[in-house]
Amino acid sequence: MTSTVLKRRALRIEQHPTIPLYVFTLAAEEVHQVADVARISRDEAGKLIGYQRPEKKQHVKQILEYLDGDEVLFPNGLILALPSDVRFKSSPGPGSSDGLCTSGTLEIPLPDSPDAPRPAWIVDGQQRSLALARTRNTRLAVTIAGFVAEDLETQRDQFLRVNTVSPLPTNLVTELLPEVGTLLPTKLSARKLPSVLVEALNHDKDSPFCGLVRRPSTTVEQKAETVVTDNSLTTAIQEALNSPSGAFFPYKNLSNGTVDTATIRQILVIYWSAVRDTFPEAWALPATRSRLMHGVGIRSMGRLMDRVMMTIPPTSPHALEQARAELALIAPHCRWTEGRWPDLNIPWNELQNNPRHISTLSNYLLRTYVQEKAKVA
C-alpha cells in the first residue's frame, strides 16, 4: 500500500503510440526516493536480472564535487522507467497541448516505508543519481525523462540504445543482448547471436565451457571458477560467423536472414571439447597459468576452428574423434603453460590479448596445422 503521492508539473510527449513518455523535474533528494538501480546479476535459477554496471566511485566523486559547489548548472538529466500506476492529469483548457506535447501534472505513488521497493528504475544516469543522493544541494532541480515500462525487456532495450555515445563495457552489452527481443540497431543486432551462443556455452551441461565464462553478473564467489572472459569467446564466434571462410558462414542464409543456430552450437561444443581433451593440462586454469584460456588463446584457437571444422560433418558420430585427431597435429608445437613457443621465440606467458599477438599466434597455429597435415597426407 502507498500513502504518499508525489506530484510534479510535467509534459507528456506524444512520441510512442503505447508507451507514455513524460518530462518533469525532481529535487536531488527525491531521486533516491523515487528510483532505484537495477544491478545486473542472476537469480538462483541462473536467470539474468537487472542490467546496470557497478558503481564507478571516482566518477561519482567527481560529479558530487561539482554538485556541492555554489553555482551549479546540471542539464544532464536522468532517464527513468516508471511504474504503470503513475497518473497524468492534463491541464484544463485548449492551450495545454500543441500536438507534440501536453502539459499537466504527473502523480507518482511512493511506498509507505523507506525499506519498501521504490516505484521507478534508473535506465540512464546511475552514476549521476548516486551523486545526487549524496549532494548537500538537496533541492537542486533535476531534469527527468520517464517512460512507463515495468517489463525488463523494454528497460534493457532502452538502456542499450541510450548508452551509445559513451559506450557501455563490451561484456555488459554481451550479457544483456540475449535478453532483448525487440529490433536492435544493426551494430548491436550483429552481436546478438554470438551473445546467445556464449550464454548457451556457459550454461549447457554438455558444453566444455559450462560454468567457466566470466560475465558482469558473475558473483565474487563464482569468480574463482570462471576463467574465460566472455568478450574473447564472443568475438571468436562473431569472426567465424561473419567471415566467408569462417566455420559458421555456411550456416547463414543471407537471402532470408536465417541462421542454423543449433548446428553452430553443435560445432562449438565438438571443437572446444576436442580442445579441452587435447590440452587437459591447460584447460580450466586461470589465464595467468594457461594462455589457452587467455584472450589470445581463445581468439587464436577460434581462428584455427575455421580450418579444422570446415571438413568435419557436425552430425557425424565420429565428429569429436575427428576433431581430436586434427588438433593432435599441433599439440606437440603448443606451449600454453610453460616454455617458449617454437618459431615465435616468445615465452608462453608473454603472449598478450592484443591484435599483434593474436595475429602472430593465429598465423603460427594455422601454418603448423597445414604443414603437419601435409606430412600425413
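## A tour from Ala284 through the helices α8, α9 and α11

At 36% relative accessibility, alanine 284 counts as partly exposed, and in this predicted model the residue makes a convenient place to begin. Select alanine 284 and show its backbone: the phi angle is positive, about 65 degrees, although the residue is not a glycine. Its setting is the loop between α8 and α9.

Before going further, display the whole chain as a cartoon. The protein has eleven helices and 16 strands, and of its 377 residues 46% are buried. If a surface is drawn, it represents about 18,800 Å² of exposed area, of which carbon and sulfur atoms supply 53%. Among contacts between residues at least 6 apart in sequence, 67% join residues at least 24 apart.

**The tryptophan pair**

Now select tryptophan 283, which lies in the loop between α8 and α9, together with tryptophan 272 in helix α8 (residues 261-278); the pair that they form therefore ties together parts that are eleven residues apart in sequence. Their rings have a tilted arrangement, with 6.5 Å from centre to centre and 40 degrees between the planes. Are these two side chains buried or exposed? Tryptophan 272 has 1% relative accessibility and counts as buried, and tryptophan 283, with a relative accessible area of 9%, is buried as well, because the cut-off for that class is under 20%. Adding Phe209 and Tyr271 to the selection completes one aromatic cluster with Trp272 and Trp283. Over the protein, the count of aromatic pairs comes to eight.

**Helix α8 against helix α9**

Keep Tyr271 and Trp272 selected and bring in helix α9, since both residues belong to the α8 side of the next contact, where Leu268, Tyr271, Trp272 and Val275 meet Ile298, Met301, Gly302, Leu304, Met305 and Val308 in α9. By class, this contact has nine nonpolar residues, one polar residue and no charged residues. The two helix axes come within 11 Å and cross at roughly 120 degrees, and the crossing is right-handed.

**Helix α9 against helix α11**

Next, select helix α9 (residues 295-308) with helix α11 (residues 355-376), whose axes come within 9 Å and cross at roughly 35 degrees; this crossing, too, is right-handed. Which residues of α9 meet α11? They are Val296, Arg299, Ser300, Met301, Arg303, Leu304, Arg307 and Val308, and the residues they meet in α11 are His357, Ile358, Ser359, Leu361, Ser362, Leu365, Leu366, Tyr369 and Val370. By class, the contact of α9 with α11 has ten nonpolar, four polar and three charged residues.

**From Tyr369 to alanine 331**

From tyrosine 369, measure to alanine 331: the C-alpha atoms are separated by 9.6 Å, while the two residues are 38 apart along the chain. Alanine 331 lies in the loop between α10 (319-327) and β15 (340-341), and with a relative accessible area of 25% it is partly exposed. Once its neighbours within four places in sequence are left aside, alanine 331 is in contact with Thr278 and Phe279.

**Last stop: asparagine 345**

Finally, move to the loop between β15 and β16 (346-347), where asparagine 345 is found. Like the starting point, it is a non-glycine residue with a positive phi, here about 55 degrees. At 53% relative accessibility, asparagine 345 counts as exposed, whereas alanine 284 counts as partly exposed.

Terms used: Residues numbered from 1 in each chain as written. Predicted model: local features only at pLDDT ≥ 70, side-chain atom pairs only at ≥ 80, totals over all residues. Heavy atoms only, no water. Axes fitted to C-alpha atoms, helices over the stretch in contact; angles between N-to-C directions. Helix = DSSP H or I, 4+ residues; strand = E, 2+ residues; numbered from the N terminus. Left-handed = near helix turned anticlockwise from the far one by under 90°. Contact = heavy atoms within 4.5 Å. Nonpolar A, V, L, I, M, F, W, Y, C, P; charged D, E, K, R; others polar. Buried < 20%, exposed > 50% of the residue type's maximum accessible area, 1.4 Å probe, protein only. Areas by Shrake-Rupley, 256 points an atom, 1.4 Å probe, with all protein chains shown as cover. Phe/Tyr/Trp six-rings, centres within 6.5 Å; stacked < 30°, edge-to-face > 60°.
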